[in-house]
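Open the model in your viewer and keep the selection tool at hand. The tour below goes from one selection to the next.

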Amino acid sequence: MVLLDPWLQAAWAKMLKNGLLLELLVFVLVIWRYRPAAHDYALGAVALVVVLSGLLGLVPAVVIGQALWVYLRGAVVLYAILALRPSERWIRAVLWTAGVWVGLNCVVALAQVLFGWVEIHRAQGFYEHPNDLGHLCGLALLGTLVWKHRFRWAAAALFAAGLAATQSRESLLGVMAGAVVIALHRRVPVRRLAAGLGALLALAAVPVVVLPDVRTEVARRFWGVVD
């Protein structure tokens, strides 16, 4: 359902997706005996930020609940995987399928930017908006940081290029923050972390420097934020 999401925008498809996620949530709550871990507190902090933002913004409780579901429904999948404890073969099959899909979108995104096949000078691949692809590339890029495979650097370069083509600011910032967390957890040397983040920023700046239309769009978005 996630991979087909760009084309399944009908109401029935969204209801089916949410229904499957709710089914997973009930499954986890019924069968799992779980001890709290570090990521639970991180997700709790995200939930607290969403609730406080809604309360301070005088947002209706229904909308706050919808926001919690949108931002945290991915956690349902995480807990379902932890509860089921699937085999390594199953995990590899899922990761390779997702990785190929992300790579294909990155190739399409690069073509969109190079040949001007986009309306707002930001690539979106097969998705509706560049930020959607940016989030996907960002998550995939973070995944390569903990992936022990000889193709990891090639995959990281492709995902980073796709991220650069989307010009998604929040995705770039999210990747940088996530990389810092992973580096601290794995005790990566500061110089190595700085070099990696510098390379990511340099790659993200390439479309802005090389393509005038992208530069114009970035300037427009910048002044929009200022206003």
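What follows is a walk through three helix contacts and one pocket.

This is a predicted model, in which local features need pLDDT of at least 70 and side-chain atom pairs count only at pLDDT 80 or more, while totals for chains, interfaces and linings use all residues. Residues are numbered from 1 along each chain as its sequence is written, and side-chain values use heavy atoms, with hydrogens and water left out.

**Stop 1: H4 and H5**

Select residues 88-114, which form helix H4, and 130-144, which form H5. Helices here are DSSP runs (H or I, at least four residues), numbered from the N terminus. The axes of H4 and H5 are 10 Å apart, at an angle of about 130°; axes are lines fitted to C-alpha atoms over the stretch in contact, and angles run from 0 to 180 degrees between N-to-C directions. H4 and H5 are therefore oblique to each other (under 35 degrees counts as roughly parallel, over 145 as roughly antiparallel, 65 to 115 as roughly perpendicular, and the rest as oblique). Now show Trp101, Val102, Asn105, Cys106 and Ala109 of H4, which meet Leu133, Leu136, Cys137 and Ala140 of H5; contact means heavy atoms within 4.5 Å. By class, this contact has eight nonpolar, one polar and no charged residues (Ala, Val, Leu, Ile, Met, Phe, Trp, Tyr, Cys and Pro count as nonpolar, Asp, Glu, Lys and Arg as charged, and the others, Gly among them, as polar).

**Stop 2: H7 and H8**

Next select 169-186 for H7 and 190-210 for H8. Their axes lie 11 Å apart at about 170°, and H7 and H8 are therefore roughly antiparallel. On H7, the contact uses Leu172, Val175, Met176, Ala179, Val180 and Ala183; on H8, Leu193, Leu197, Leu200, Leu201 and Ala204. Eleven nonpolar residues make up this contact of H7 with H8, with no polar and no charged ones.

**Stop 3: H8 and H9**

Add residues 212-226, helix H9, whose axis comes within 5 Å of that of H8 and crosses at roughly 105°. H8 and H9 are therefore roughly perpendicular. Pro207, Val208, Val209 and Val210 of H8 meet Pro212, Val214, Arg215 and Val218 of H9. Seven of these contact residues are nonpolar, none is polar and one is charged.

**Stop 4: the second largest pocket**

Which residues should you select to find the centre of this pocket? Of its 24 lining residues, Leu145, Trp153, Ala179, Arg192 and Gly196 are the closest to the centre. H8 gives the largest share of the lining, seven residues. The lining divides into 19 nonpolar, one polar and four charged residues. A pocket is, on a 1 Å grid over the protein atoms alone, an open set of points where a 1.4 Å probe fits, with protein on both sides within 12 Å along at least five of seven lines; lining residues have an atom within 4 Å of a point.

Methods
Helices (H or I, at least four residues) and strands (E, at least two) are DSSP runs, numbered from the N terminus.
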